[in-house]
Amino acid sequence: MNVSLTQDLSPYQLIIASSEHGCQPLSVSPATLLAMLRSQIDVLIERQIPATVWTKLPGGNIWQAELLRYQQKGDVSAKIYSFHLGKSANDAPNVVSGNSFHLQLFLPSGQIQREYFWMVVSPQFCSLIVALRPSRSIKRQQKLKATAKPKASLVTLTSFDNQLVRQVVENIQHVALEPIVNVDDDEKSSFTDATESSILSSLLTRQMQRQEEINRKRKKSQLIKLQQKNQNLDNKLQEKDIYLNHVCQEIRTPLTHMKTALSLLNSPALKPPQRQRYLQMLHSQCDRQNSLITSVLELVELEQNLKSANFETVHLADIVPGVVSTYQPLAQEKGIMLAYTVPTDLPAIWFVHGGLKQIVINLLGNSIKFTPNGGQVWVKARQQGEYILLEVRDTGIGISEADISRIFDRFYSTRPPSEESGGAGLGLSVVQQYLQRCGGGISVKSKQMEGSTFTVQLALSKTSAFANTQQNPEYSRHQ
């Protein structure tokens with residue numbers, strides 16, 4: 001049944017207004033609130049106290065399971081009035097069994113939406129627990145003022161004062177119950193004069209046990225999180241060690257070649273052509289080592305900058321043509337046909353400033369580098385759902401199936417050791433760093449001696465889903 005309230009049903013505000021009862025607000029976590037509820041249910045079940053319960057609980061099976069536990073194991077004459085928001089009576093039928101029943105009251109969603117309560121009325125024991133969930137604005141203020149200790153998420157009021165409990169319950173009866181149900185005199189007079197001390201003692205013991213249980217679970221959870229954090233830290237340290245080892249190995253290689261060339265240059269029997277070849281080797285290896293060191297420094301700087309990088313909306317049609325023009329002379333020198341197709345009406349992409357251009361540079365540079373003379377390289381882009389797919393395809397030497405899983409590793413190259421590509425083997429690692437930061441992805445299809453296709457998945461900007469609905473001519477050009 002749905003109940004339209006004609007008066008304020010806020011137990012929290014009613015208790016706050018009754019300042020003479022000395023009920024002080026206390027900040028607790030939802031877990032502590034659940035422990036308080038469980039403690040009272042434990043005592044009601046153990047002592048088989050016939051009671052009337054008025055309750056509005058948070059959503060979730062764990063809370064409803066406690067209410068069901070009381071229904072199933074409590075006194076046969078127990079009465080439960082539970083309040084729900086935004087539902088209808090057909091969603092959860094009322095339960096009547098013998099002298100006990102569970103009456104569910106359904107309120108408009110705007111009524112006491114942020115309040116929860118648990119009130120027990122019996123000849124032996126009266127209590128109330130009222131909790132208020134702070135609004136988002138209050139939570140933001142708490143975060144701004146927060147120190148090392150996090151703020152609790154619920155403000156609670158608890159009391160065993162029978163007069164205060166009577167006042168709150170009678171207000172609920174008058175506002176929510178009397179318009180639809182006749183409240184009998186026995187129920188109105190079922191308040192105890194004072195809660196028995198033995199019950200309070202049992203309740204205190206149970207509360208301590210439940211709180212200790214929470215503390216054990218919290219410590220266990222914190223320990224697991226700390227272990228995971230330590231494991232992640234160990235993994236990162238191992239990755240750094242492997243990375244440093246690769247850096248040393250890569251820098252050592254050109255040094256070895258240079259040392260060999262220098263020793264051969266000291267030979268008195270060295271002929272001019274040989275001398276020229278060894279001098280050229282020195283220049284080549286110096287350039288290679290400089291490229292390695294520069295690439296490593298750039299990668300380290302990139303990792304640091306990505307943590308606080310600025311994002312921007314960018315269109316592929318504004319980037320791809322310029323990058324292709326830059327590589328056109330190299331492609332012509334190798335006799336490679338270089339072409340691109342990028343529709344001008346493609347939506348904008350949300351990406352790290354300058355990162356999208358670097359991705360196009362690295363992928364296009366790799367394709368041209370590993371495509372033999374007379375080959376072909378294409379750059380294409382298209383929209384697929386909420387993503388833009390950027391495709392770089394070539395007719396190059398291809399990648400073996402065993403190598404595909406490793407091509408994004410730092411310093412890994414599919415080139416044989418005898419073939420010098422002049423690169424540092426970090427280009428695809430940089431691509432992956434950008435995509436991981438921006439929520440994108442990359443896939444590779446390749447077959448040796450037939451070519452490779454790199455497909456990059458890029459997320460649209462937030463406004464792109466509603467923009468660019470008008471169809472524009474495709475921006476296509478072959479060079």
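Contact here means heavy atoms within 4.5 Å. The exercises below concern a predicted model.

**Exercise 1. The chain as a whole**

Task: State how many helices and strands the protein chain has, what percentage of its residues count as buried, and what percentage of contacts join residues at least 24 apart.

Solution.
- Step 1. The secondary structure of the protein chain consists of twelve helices and 16 strands.
- Step 2. The protein chain has 479 residues, and 41% of them count as buried.
- Step 3. Take the contacts between residues at least 6 apart in sequence; 74% of these join residues at least 24 apart.

**Exercise 2. Strand 8 and its partners**

Task: Find which strands pair with strand 8 and in which sense, then decide whether strand 8 is largely enclosed or not.

Solution.
- Step 1. Strand 1 (residues 26–28) runs antiparallel to strand 8 and is joined to it by three bridges. In this pairing, V28 lies opposite L154.
- Step 2. Strand 7 (residues 126–132) also pairs with strand 8 in the antiparallel sense, over five bridges. Here L132 has V155 of strand 8 as its bridge partner.
- Step 3. A residue is buried if its relative accessible area is under 20%. Strand 8 covers residues 154–159, and five of its six residues are buried, so the rest of the structure largely encloses this strand.

**Exercise 3. Strands 10, 12 and 13**

Task: Give the sense of each pairing made by strand 12 with strand 10 and strand 13, and describe the turn of the hairpin.

Solution.
- Step 1. Strand 10 (residues 337–341) and strand 12 (residues 376–384) are parallel, paired over five bridges. L338 faces V377 of strand 12.
- Step 2. Strand 12 and strand 13 (residues 387–394) are antiparallel, paired over eight bridges. V377 stands opposite D394 of strand 13.
- Step 3. V377 therefore appears in both pairings, because strand 12 is a DSSP run that includes this residue opposite L338 and opposite D394.
- Step 4. Strands 12 and 13 form a hairpin with two residues between them, and G385 in the turn has a positive phi of about 65°.

**Exercise 4. The length and surroundings of helices 8 and 12**

Task: Compare the span of helix 8 and of helix 12 with the expected value, and list what packs against their buried residues.

Solution.
- Step 1. Helix 8 has 35 residues, which should span 51 Å at 1.5 Å a residue; the end C-alpha atoms lie 50 Å apart, in agreement.
- Step 2. The buried residues of helix 8 include Y278, L282, R288, L292 and L306. Among the elements covering them are helix 7 (197–265), strand 11 and helix 12.
- Step 3. Helix 12 (residues 427–438) has twelve residues and reaches 17 Å from first C-alpha to last, close to the expected 16 Å.
- Step 4. Buried residues of helix 12 include L428, V431, Y434 and C438. Those buried residues pack against elements including helix 8 (272–306), strand 9 (311–314) and strand 14 (441–447).
- Step 5. Just after helix 12 comes G439, with a positive phi of about 75°.

**Exercise 5. Helix 10 between two helices in contact with it**

Task: Classify the packing of helix 10 with helix 12 and with helix 9 as roughly parallel or roughly antiparallel.

Solution.
- Step 1. Two packed helices are described by the angle between their axes and the distance between the axes.
- Step 2. For helix 10 and helix 12 the angle is about 150° and the axes are 9 Å apart. Angles over 145 degrees count as roughly antiparallel, and these two helices are therefore roughly antiparallel. Residues making the contact include I359 and L363 of helix 10, and L428 and V431 of helix 12. The crossing is left-handed.
- Step 3. The axes of helix 9 (residues 320–333) and helix 10 come within 10 Å and cross at roughly 25°. That makes helix 9 roughly parallel to helix 10. This crossing is right-handed. V323, V324, Y327 and L330 of helix 9 meet residues of helix 10 including V360 and L364.

**Exercise 6. One residue of helix 10**

Task: Decide whether L363 is buried or exposed, and say what it contacts.

Solution.
- Step 1. L363 belongs to helix 10.
- Step 2. L363 has 1% relative accessibility, so it counts as buried.
- Step 3. Setting aside neighbours within four places in sequence, L363 is in contact with V392, L428, V431, I442, F454 and V456.
- Step 4. L363 and G427 are 64 residues apart in sequence, yet their C-alpha atoms are 7.7 Å apart in space.

Technical notes. Residues numbered from 1 in each chain as written. Predicted model: local features only at pLDDT ≥ 70, side-chain atom pairs only at ≥ 80, totals over all residues. Heavy atoms only, no water. Buried < 20%, exposed > 50% of the residue type's maximum accessible area, 1.4 Å probe, protein only. Helix = DSSP H or I, 4+ residues; strand = E, 2+ residues; numbered from the N terminus. Pairing = 2+ DSSP bridges. Expected span 1.5 Å × (residues − 1). Axes fitted to C-alpha atoms, helices over the stretch in contact; angles between N-to-C directions. Parallel < 35°, antiparallel > 145°, perpendicular 65-115°, else oblique. Left-handed = near helix turned anticlockwise from the far one by under 90°.
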